Amino acid sequence: MNTTLSLLKPTGHLTLGNLLGALRPMALAQDGSDCFYGVCDLHALTVAQDPARLRASVREVATLLLAAGLERSTLFIQSHVPSHSELAYLLESTAYVGELNRMIQFKEKGRGQPSTRASLFTYPTLMAADILLYRPTQVPVGEDQRQHVELTRDLAIRFNATYGPVFTVPELVRPALGARVMDLADPSSKMGKSHADGSGIIYLLDSPDVIRRKVARAVTDSDTGSDAVRRDPVNKPGVTNLIELLEAAGGSLESITTYGALKTATTEVVVELLRPLQVRYAELAQHPDHVQARYAAGAARCREVTAPVLLDAQAAMGIG
Ligand code: TYM
């Protein structure tokens, strides 16, 4: 059986982008794959966090993974599996400064600023460790993680060539629709980037009313022609994003000719898509012990599965 792995960062609430780009493909991978899915709390520390808020976020994301249908997977919190940080250091000792400097996320979020945390720079090596420790063949992620997964592949190939065949080189898995969901209020940037008021972000726990309001206010354009409702990512990014959302959430463009109708249809399918997840989340939130027990068992299995891989990497490098 092949292995699948993916993690989500507990910074803020999860969004429709997280669901379509990652959680849904992660759920689908459960058929025929041994899946390891986690909450990467260590990654959250690359920027300042209020400790109490971070703890609450970890709990919320952990509960949402279960609510999103990942029941058949091994679920864990990254910091509960110490081999992640241990392998990260070994990989830091194989990655080049030039490679890390080229990472888009680092360029956008901190390069050139003296108070940028050192961990933001080395983040991709921790992410590579997250992945390589499980020897997965597949990593389902949204488009924004492509560069990180490619670096992971490069590091694995280099490690294997230098020290011997320790790691599996994973493949990125991306969904056909929803790999890059854009912000409704600013369709030039991805949904999830911290926009001041969050008005263009649909959160997984938003009520139907809030979703309706956010979609109703989504940026479109002033096109009024009979073919206004069409995909054109360059000239009509807002409309293209709504069409992609509609189709990714299971709706159809058939017989939709106006922006009003597009927004109504999109709202309906998104509300229906989120409904079962929200019901399940409300149930699970009543049983935090159950959620915690799942994650404790998951971390125990992860410690077991990753220990020999870490030992192999250490031995290959001449330590341990
Ligand atoms: P994170 O927490 O930013 O996002 C979690 C997952 O959601 C996807 N995603 C999106 N997909 C489509 N449209 C969007 N607007 C959108 N926003 C987010 C992301 O691509 C991701 O799959 N570095 C990672 C977390 C990570 C990880 C890993 C992932 C750490 N270690 C190992 C895979 C394997 C991150 O910050 O994702």
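Modeller: Buried means under 20% relative accessible area, and exposed means over 50%. The model discussed here is predicted.

Colleague: Which residues of helix 8 are buried?

Modeller: Helix 8 covers residues 146-163. With under 20% relative accessible area as the cut-off, the buried residues in helix 8 are His-148, Val-149, Leu-151, Thr-152, Leu-155, Ala-156, Phe-159 and Asn-160.

Colleague: Why are they on the same side of helix 8, and what arc do they cover?

Modeller: Directions are taken from the helix axis to the C-beta atoms. The buried residues lie on the same side of helix 8 because the arc they cover around the axis is only 165 degrees.

Colleague: Which residues are exposed on the other side of helix 8?

Modeller: Exposed requires over 50% relative accessible area. On the other side of helix 8, the exposed residues are Ala-161 and Thr-162.

Colleague: What length does helix 8 reach from its first C-alpha to its last, and what is expected?

Modeller: Helix 8 has 18 residues, and the expectation uses 1.5 Å a residue. The helix reaches 25 Å, close to the expected 26 Å.

Colleague: Which residue just after helix 8 takes a positive phi?

Modeller: The phi in question is about 120 degrees. It belongs to a residue just after helix 8, namely Gly-164.

Colleague: How many residues surround the ligand, and which are the closest?

Modeller: The shell has 13 nonpolar, eight polar and five charged residues. In total, 26 residues surround the ligand, and the closest are Lys-9, Tyr-123, Asp-130, Gly-142 and Asp-144.

Colleague: What percentage of the accessible area of the ligand does the protein cover?

Modeller: Polar atoms of the protein lie beside the ligand at several points. A side-chain N or O atom of Asp-144 is 2.5 Å from an oxygen atom of the ligand, and one of Gln-145 is 3.0 Å from a nitrogen atom of the ligand. Val-181 places a backbone N or O atom 2.8 Å from a nitrogen atom of the ligand. Of the 710 Å² that the ligand has accessible on its own, the protein covers 96%.

Colleague: Is Thr-125 buried or exposed?

Modeller: Thr-125 is in helix 7, and its side chain reaches the backbone oxygen of Thr-122 at 2.6 Å. Because its relative accessibility is 0%, Thr-125 counts as buried.

Colleague: Where is Thr-46, and is Thr-46 buried or exposed?

Modeller: Thr-46 is in the loop between helix 2 and helix 3. A polar side-chain atom of Thr-46 lies 2.7 Å from the backbone oxygen of His-43. At 7% relative accessibility, Thr-46 counts as buried.

Technical notes
Residues numbered from 1 in each chain as written. Predicted model: local features only at pLDDT ≥ 70, side-chain atom pairs only at ≥ 80, totals over all residues. Heavy atoms only, no water. Near = heavy atom within 4 Å. Polar contact = N/O pair within 3.5 Å; in protein donor to acceptor, adjacent residues only side chain to side chain. Areas by Shrake-Rupley, 256 points an atom, 1.4 Å probe, with all protein chains shown as cover. Nonpolar A, V, L, I, M, F, W, Y, C, P; charged D, E, K, R; others polar. Helix = DSSP H or I, 4+ residues; strand = E, 2+ residues; numbered from the N terminus. Expected span 1.5 Å × (residues − 1). Buried < 20%, exposed > 50% of the residue type's maximum accessible area, 1.4 Å probe, protein only.
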